[in-house]
Amino acid sequence: MRVLNIGVFPVSGGLGSSIVRHLMKVITPSQLTLCARYPEKLAREKDQGAIVRRADYNDRTSLDPAFEGVDVLNLISYASNEIEHRIKVHRDAIDAARRMGVLHIVYTSLAFAGDGLPTTAADVMRAHLATETYLAEIRAHDPSFTYTIIREGVYSESFPLYTGFFNPKDQPTPDDPKDTIAIPHDGLGPGIAWAKQDELGEATARLLVRYVRDPSDFPYLNQTVLLSGPRAVSLAETVEILGRVLNRKLQIRPVSVDEYLDQPKVKNFLYYGGGAGTLARSWATVFEAIRRGECSVTTSFLREIIGREPEDFETTVRKLVAVEPKEAFESDQIETQ
């Protein structure tokens, strides 16, 4: 039987790097085609035998040659909250993969919108839903094409995005105790099933390997798989855990969306496309989605795929705070999904 080739695009950020790291442990490197905007950053993987190519979501001409010879493509979402542009570049990448003969696409979506639901209150999820729909439409017109959607759990490491850009490395002072987290949410009700990013990367890699080893026995063809953490943690408990880790008494102060947006830390929110603050109001829609329980759904898939109980939120945060520099918690350094 022909050995299938796995492509990963883009190989950047924490999730992409984690997926590749776990793939390299179990797959012959020559089976891997790693596509990145800056391929020179993958020199180690290239030296080990992986195929490394340049590919950029914002350079459509780079995509076709990057996907040549790829059988199954792990398409990692473009990191932006600009909905229409994100939809466009995802479609460009999918179309390029199809032109180059890719048989199966594994798309990394996000764990909002509950367990496979097609609607959301969170702007950050809208491009994901559109991409999921596009994959299903292609399949409906071409039965030879298959896909798998992985709704990746909300990263435990991204907690500052959901706590008013709280930075645990900021030192409190008598004049500014930094013990209040002002967000447009009271902290109660459904929460977030936080998941460790590297465990999501490991599970995604395992699914890719399972497909290439026997596509006919792959159980998730044309399906959505929700990878969640072990339990949903309310925002109030999330803040309580942060306080316990830091030995500080932290609390949530519910505020209006406008008051939330008026905070300097929020005004400086900057992520691919747009100046500081231009994406903050769009980002604030996540709080209504959390209120509706969109990212509180838990499944057993992550535990079953990695073969152990996923790491709980508090354990991940303790490790993170112990080793990460202050800059890792700034709004332009936190990896969104």
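This is a short presentation on the fold, the aromatic contacts and the unusual backbone sites of one protein chain.

Good morning, colleagues. I should state at the outset that the structure is a predicted model. I will begin with the chain as a whole and then turn to individual residues.

The chain contains 13 helices and nine strands. Its radius of gyration is 20 Å, which agrees with the value near 20 Å that a compact globule of 337 residues would have. The C-alpha trace, laid along its principal axes, spans about 65 × 35 × 35 Å. Of the 337 residues, 55% count as buried. The accessible surface comes to about 14,300 Å², and carbon and sulfur atoms hold 49% of that area.

Two further global figures deserve mention. Among contacts with a separation of 6 or more, 75% join residues that are 24 or more positions apart. As for charge, there are 39 positive and 46 negative groups, and their mean positions lie 2 Å apart.

I now come to the aromatic residues. How many aromatic pairs does the chain have? The count is 12. One of them is formed by Phe9 and Phe67, with 5.7 Å from centre to centre and 65 degrees between the planes, an edge-to-face arrangement. This pair links distant parts of the chain, since Phe9 belongs to strand S1 (residues 6-9) while Phe67 sits in the loop between helix H3 (63-66) and strand S4 (72-76), 58 residues apart. Both Phe9 and Phe67 are buried.

Another pair is that of Tyr162 and Trp194. Why is this pair edge-to-face? The ring centres of Tyr162 and Trp194 are 5.7 Å apart, and their planes stand at 75 degrees, so the pair falls in the edge-to-face class, for which the angle must be over 60 degrees. Tyr162 lies in the loop between strand S6 (146-152) and strand S7 (180-183), and Trp194 in the loop between S7 and helix H6 (197-213), so the pair ties together parts that are 32 residues apart in sequence. The relative accessible area of Tyr162 is 2%, so Tyr162 is buried. Trp194 counts as buried as well, at 1% relative accessibility. Tyr162 and Trp194 also belong to one aromatic cluster, together with Phe159, Trp283, Phe313 and Phe329.

Close to Phe159 and Tyr162 in the numbering we find Pro160, which lies in the loop between S6 and S7. Is Pro160 buried or exposed? Its relative accessibility is 0%, so Pro160 counts as buried. Leaving aside residues up to four places away in sequence, Pro160 touches Phe165, Phe166, Phe329 and Ile334. Phe329, in turn, is one of the residues of the aromatic cluster. The C-alpha atoms of Pro160 and Glu330 are separated by 8.2 Å, although the two residues stand 170 residues apart along the chain.

A second long-range relation involves Thr315, in helix H13 (residues 313-323). Thr315 is 159 residues from Ser156 in sequence and 9.8 Å from it in space, C-alpha to C-alpha. At 30% relative accessibility, Thr315 counts as partly exposed. Beyond this helix, Thr336 is found in the segment after H13 and, at 8% relative accessibility, counts as buried. Thr336 and Leu4 are 332 residues apart along the chain, with 31 Å between their C-alpha atoms.

Finally, let me address the backbone. Most residues other than glycine have a negative phi, and most peptide bonds are trans. Which peptide bond is cis, with omega near -10 degrees? It is the bond from Phe9 to Pro10. Phe9 has already appeared as a partner of Phe67, while Pro10 lies in the loop between S1 and helix H1 (13-26).

Two residues that are not glycine have a positive phi. Ala113 has a phi of about 65 degrees and lies in the loop between strand S5 (104-110) and helix H5 (123-141). With a relative accessibility of 1%, Ala113 counts as buried. Asn222 has a phi of about 60 degrees and lies in the loop between H6 and strand S8 (223-227). At 24% relative accessibility, Asn222 counts as partly exposed, whereas Ala113 is buried.

Thank you for your attention.

Technical notes
Residues are numbered from 1 along each chain as its sequence is written. This is a predicted model: local features need pLDDT of at least 70, side-chain atom pairs count only at pLDDT 80 or more; totals for chains, interfaces and linings use all residues. Side-chain values use heavy atoms; hydrogens and water are left out. Helices (H or I, at least four residues) and strands (E, at least two) are DSSP runs, numbered from the N terminus. The radius of gyration is taken over C-alpha atoms; the globule rule is 2.2 Å times the number of residues to the power 0.38. Buried means under 20% relative accessible area, exposed over 50%, partly exposed in between (1.4 Å probe, protein chains only). Contact means heavy atoms within 4.5 Å. Accessible areas come from the Shrake-Rupley method with a 1.4 Å probe; for residues, only the protein chains shown count as cover. Lys and Arg count as positive and Asp and Glu as negative; His and the chain ends are not counted. The place of a charge is taken as NZ of Lys, CZ of Arg, CG of Asp or CD of Glu. Rings of Phe, Tyr and Trp (its six-membered ring) pair if their centres lie within 6.5 Å; planes under 30 degrees apart count as stacked, over 60 as edge-to-face and the rest as tilted.
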